[in-house]
Amino acid sequence: MKKLMIDANALEGTITIPGDKSITHRAIMFAAIAKGTTKIEGFLYAEDCISTMNIFRDLGVQIDEEPDGSVIVHGKGIDGLTAPQKALDAGNSGTTMRLLAGLFTGFPFKTKIIGDDSLSKRPMNRVMLPLRQMGASISGSDGSEFAPLYIQPVDHLNAIEYDMPVASAQVKSSILLAGLSAEGTTVIHEKERSRDHTEKMLKNFGVDLRVEDRDIYLKGGQTLTASDITIPADISSAAFFIVAALLVKGSKLNMPNVGLNPTRAGIIEVLKDMGANIEINLHEGGLSGDLTVHWSNLKATEFGGDIIPTLIDEIPIIALAATQAEGKTIIRNAEELKVKETDRIKATTQELNKMGANIEETEDGMIITGPTPLHAAEVDSYGDHRIGMMLQVAALLVKEGTVQLAHPEAVNISFPSFFDDLAALSK
Ligand code: S3P
């Protein structure tokens, strides 16, 4: 149990948000299978990304952690990795397990990927089914779709043309990584565009990959060439400070160099729609920028459809913002939240309602009626980093009493300095 900070004073100053988790995972993966040495700056030192880093060390890749926080990966080429001596541990990370399931199907040795209790309950058929269509030998525990995943080498993988049944960058990326070892051109069709870090980064590593509208084409048998990377701050982590600044009276917070890839930045659009005062100084290329967020009066909104994949990880913190907004906020088409690190619709609804919010759980989202004052309660992250951080932001609005959080250590998955950074700001 952790006693959370309550009744915050205005949050003022500049906060450096840690590196993007999705990009950090891919940076390690692509650098490891590239030929040559890649320097990664802005690396996210958090449990999920360390799981990915350790897996590649288990596959014989030398990865140096420099005193300045950068990471040097001595890539061995896609055919240069060596058979691991043990099961490869993805920890809590769905991105690690699903992307590597695709990559490993092309390897000439067998692999076993394990995960923690939460990850071992998350659906893996979404990657195993298309990978099997490509000829992969991959199975879950005791014939189920759940981890541990067992991958056996096969003589041949064939490219497929795949219509994505869910909007998922993890599934898309898993198929593309298998496609690197497949014969022919892998084609993926997305109904709704999910985050495109894999496509962008593979191109930076010299891969010939074509994106036409919502179709992606990747020729098999290509090699990756080392390419230095600078990772921007994670908008999914910035989201907690953005909403904190919007809600805590008198706040004004600067966040430099936040990743604003349009496939990730839906939260900004929704919050602006709610009346948020967020200034953006967009950097060249349009993929990152500096944010200044001012305390604002918010009003309710409705969203669903295409925008959902661009803000999927931010819905719990947007729901908190909606509890303080005037009117009824309706979130639709967000059923994917049920299969995240925890059922985030249920966790958000239950925990915020314990604090006095008025949230109704629906089949595919939430209906939030605001504004409601929040009061002290005992709450639980359920081991989910984003639920834990959202609840700490909620506690900032509680005027008196004690807010206790069970499983606070979950924040280490993506933002180990979260509690300290917040405490430093509100002094
Ligand atoms: C991620 C994709 C998303 C997101 C997750 C990270 C990625 O998951 O929720 O936090 O890095 O590709 P899905 O692919 O399941 O939508």
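Mentor: Helices (H or I, at least four residues) and strands (E, at least two) are DSSP runs, numbered from the N terminus. Aspartate 142, for example, falls in the loop between S8 and S9. This is a predicted model, where local features need pLDDT of at least 70, side-chain atom pairs need 80 or more, and totals for chains, interfaces and linings use all residues. Numbering starts from 1 along each chain as its sequence is written, and side-chain values use heavy atoms, without hydrogens or water.

Trainee: What is odd about the phi of aspartate 142?

Mentor: Its phi is positive, about 50 degrees, although aspartate 142 is not a glycine. That loop also holds proline 148, between strand S8 (137-139) and strand S9 (149-152). The peptide bond from alanine 147 to proline 148 is cis, with omega near 0 degrees.

Trainee: Now the ligand: what makes lysine 340 a polar contact?

Mentor: A polar contact is a pair of N or O atoms within 3.5 Å. A side-chain N or O atom of lysine 340 sits 2.7 Å from a ligand oxygen, so the pair counts. Backbone atoms join in too: a polar one of glutamine 170 is 2.8 Å from a ligand oxygen, and an N or O of alanine 169 is 3.0 Å from one.

Trainee: Why does the shell around the ligand get five charged residues?

Mentor: Asp, Glu, Lys and Arg count as charged, and the residues around the ligand include Arg26, Arg98, Arg195, Asp313 and Lys340. So those are the five. The shell also has three nonpolar and four polar residues.

Technical notes: Near = heavy atom within 4 Å. Polar contact = N/O pair within 3.5 Å; in protein donor to acceptor, adjacent residues only side chain to side chain.
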